[in-house]
Amino acid sequence: MLTAKEIRESFKEFYRSKEHVIVPSAPMVIKDDPTLMFTNAGMNQFKDIILGNAPIKNRRVADSQKCLRVSGKHNDLEEVGLDTYHHTMFEMLGNWSFGDYFKKEAISWAWEYLVDVLKLSPDRLYATVFEGYEPEGLSRDDEAAGYWEQYLPKNHIINGNRHDNFWEMGDTGPCGPCSEIHIDLRSDAERAAKDGRELVNESHPQVIEIWNLVFMQYNRKADSSLEPLPAKVIDTGMGFERLCMAIQGKTSNYDTDVFQPLIQELAKMAGLKYGDDKQVDIAMRVISDHIRTITFSIADSQLPSNAKAGYVIRRILRRAVRYGYTFLNQKSAFMYRLVDVVIESMGDAYPEIVAQQDLIKKVIKEEEESFLRTLDTGIKLIEGVIADTKAAGKDIISGKDAFTLYDTYGFPLDLTELILKENNMSADIEGFNEQMQAQKTRARNAAAVETGDWVVIKEGEPQFVGYDFTEIETEILRYRKVKQKNSEYYQIVLEKTPFYAEMGGQVGDKGTLSSENGTIEIFDTKRENNLGVHLSKKLPAEITDTFVAKIDTEARQAIACNHTATHLLHEALREVLGTHVEQKGSFVSADVLRFDFSHFQKVTPDELRKVERLANQKVREAIARDEHRNVPIAKAKEMGAMALFGEKYGDEVRVIKYGSSVELCGGTHVANTGNIGIIKVVSESSIAAGIRRIEAITGARVEDAIDAAQDIIKQVSELLNNTPNVISALQKSIVENADLRRQAEEFLQDRIKNLKNALIERKEVLNGVNVIACKGPRLSDVVKGVAFAIKAEMPTDTIFVAATQENGKPMLTLLLSENLVKEGLNASAIVREAAKEIKGGGGGQPYFAQAGGKDIEGLQRAYEKMFTLLKLK
């Protein structure tokens, strides 16, 4: 039986024999494509070629691509673990032809690989072909069907509808019919009882699609019409995990050697056996899937966070932790211990995870511990919601409350339901779903972008000349209108452009496009599918004019200063902290630079100063830029340039050198380090486990910062009567202030003690309980101290009730001794209910709670209501 590693290599070797160039997997996390956060198909890295925005270097290509599907059109997240064949991260084996072979060879080679090489049984295979779509004038794909008839009986060739068998890149762009290969993995008895043909595309766990052959032959326009593609493309994708299941004779992806090492390690950690309990099995499948996703995303420099792609990764990690917490009794961090197993299984094929093993484990461990604290907080919050709901005489918590726990505090709905069930309660699931749908609708509306068709003015290839020119004569090649968030603007593609399109952390250029008929402003330059697009609120008066494209040179120079400064800081950080330091992200604008790097502890002030001084030494040396363009990647590495994990490099790269600083970089840089003037680090912080961030400014911004600092020092000196020694004066003031605080605290404690004694003397005993009441103005600052002083002196059978006011603001306070809480009283629930009388809210613990309000007139009513709820009056 072939192992997963052997299957992966056999695919590459087969297509190598068919004259395909085997290319490495692109990063799973996409950084320079606004339409995608993650690589969700093998074709993503070839999008530029398919769209005609990049030249074809190799007409035949094959690879094994790491993919992630959790959001958007391909949202598989909620299915993962519940069935045996859905995944978040998966590998896609694929082969491509760009204007070379087409349907005949694609089908023939797919059959040869599956049947002749892998020895899959032909009678278990089925192929689907596009049945046609009359409204668009598309007929059945008889060509593909004809080729399949050379290998399969006609009853194994199945017509598929537009949804299943017509592939589209998006609302617009390349598209075409596709042919899916399905395999029936059921037992012979099951196959005899029911024809596999009837189960194709019916979500049967053992009758599954393993390979999709896409025949791109059309281009979908904005008006939904189709036009033929000038160069036809073959794009195939085969699910590696499903293929391993078929080859290894399993009925679940999770039973293959892709996942079993992870599942068995989990079973050992939890002291449980896979296969004995349905919920435990689901938990183990979820975790074994998700740990792969998280490992690869961190290796590609995507850290868990609260925004965009980082939020997706955090959500996946937290889903896995929650399954371990609930069903495997994992109450402390555990997932990071599985990273070694992932690397043992996949490190040979993907060396980037081996190189970052320690960082990956540290990030995951810290994220786990953070979420476990969130779970503890959520449990306390839900206990408060349960108490309030019971106090209101209800046994169903609102959908809004359940959604707030989920959305604001990250508390999963199914865990909320589990806790509610233990308390004989439930949640309004319909209300929760309404809240969820409303949020999704808001997100969709915010992100909705409507683009028109490209209007082609002139044929030609766009050329970036911004390394050498800040303005140039040019013509418009094409443009289109874009609508987003109730605004409209235009995307313009120029034949030649000095405008740098946003990429690699560097913002895009701004500037103007001028002709004899007028000038328009370019407010930004973006990159879409490797195409530089200039954004403008309006089009030129005469679109066919010859224009002068001119960038904002002042902003460009400031950006270049900051970008070069990141290179100098990177080198200095490695020199001061060690060669483990590696760039993990950056942002470069005209105003500021941010640089994220791997390091496992806080950078000390002394270290930071050394880094800053080393970088500024290079500035003062006025080192000229040494630029090398179109350098083969291997030669660039020989020159000392370091390739960063998570970045996609072409066969040829640009190398930027400033003395001993050598980097692969496509950004804009100063001609001489002296142009920077000065570099000043303004902050250093942690953004994730093992990842630090420095922010810095350069040149004129440093002058502004120095002026601002001097102004502050002058103002402080004036406040201290222009003393010549500001530090000594401040120290004296701090000592005097501390002494006054101590005296005030002593006075406050005396006041609390005296008030406590007076209130105890006036206590009432009701139903065998000591009731101590307090009402009055100017007591809000001491009432909490009084409550706990009374608790210390009278720890049992005691209730303290207070209604106080301060500057016209009412406050309620309630303290219960522990034995009364155990008998069923809840201070938090009582105070919340009574606070309605003062138009306020609050809460706390079952034994102590406070609430403030707006309506002083309702304070007496609130006071009386607390007694009523305590059942004392």
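## Surface, a three-strand sheet and a covered helix

Me: How much area does the protein chain expose, and what share do carbon and sulfur atoms supply?
Reply: The exposed area of the protein chain comes to about 41,100 Å² (Shrake-Rupley method, 1.4 Å probe; for residues, only the protein chains shown count as cover). Mind that this is a predicted model: local features need pLDDT of at least 70, side-chain atom pairs count only at pLDDT 80 or more, and totals for chains, interfaces and linings use all residues. Residues are numbered from 1 along each chain as its sequence is written, and side-chain values use heavy atoms, with hydrogens and water left out. Of the exposed area, carbon and sulfur atoms supply 47%.

Me: What percentage of the protein chain's residues count as buried?
Reply: Buried means under 20% relative accessible area, exposed over 50%, partly exposed in between (1.4 Å probe, protein chains only). By that cut-off, the share of the 873 residues that count as buried is 50%.

Me: How many helices and strands does the protein chain have?
Reply: Both are DSSP runs numbered from the N terminus: helices are H or I with at least four residues, strands are E with at least two. Along its principal axes the C-alpha trace spans about 100 × 80 × 55 Å. The protein chain holds 25 helices and 36 strands.

Me: Which strands stand at the edges of the open sheet β26-β27-β28?
Reply: The sheet runs in that order with antiparallel pairing (two strands pair if DSSP finds at least two bridges between them). β27 (residues 652-658) is joined to β26 by five bridges and to β28 by four. Each edge strand has a single partner, so one of its sides is left without a neighbour in the sheet; these are β26 (626-632) and β28 (661-664).

Me: Which residue of β28 is the bridge partner of Ile656?
Reply: Ile656 of β27 is also the bridge partner of Glu627. On the β28 side, its bridge partner is Glu663.

Me: Which residue in the turn between β27 and β28 has a positive phi?
Reply: β27 itself is mostly covered, with five of its seven residues buried. It forms a hairpin with β28, with two residues between the strands. The turn residue with a phi of about 65° is Gly659.

Me: How far apart in space are Thr377 and Gly659?
Reply: Thr377 lies in helix α13 (residues 357-391) and is partly exposed, at 40% relative accessible area. In sequence, Thr377 and Gly659 are 282 residues apart. Taken C-alpha to C-alpha, their separation in space is 52 Å.

Me: Why is helix α24 largely enclosed, and which residues of it are buried?
Reply: Helix α24 (residues 827-834) is largely enclosed by the rest of the structure because six of its eight residues are buried. Those residues pack against α13, β34 (809-816), β35 (841-844), β36 (848-852) and α25 (859-869). The buried ones are Ala827, Ser828, Ala829, Ile830, Val831 and Ala834.

Me: What percentage of contacts between residues at least 6 apart join residues at least 24 apart?
Reply: Contact here means heavy atoms within 4.5 Å. Among contacts in the protein chain between residues at least 6 apart in sequence, the share joining residues at least 24 apart is 68%.
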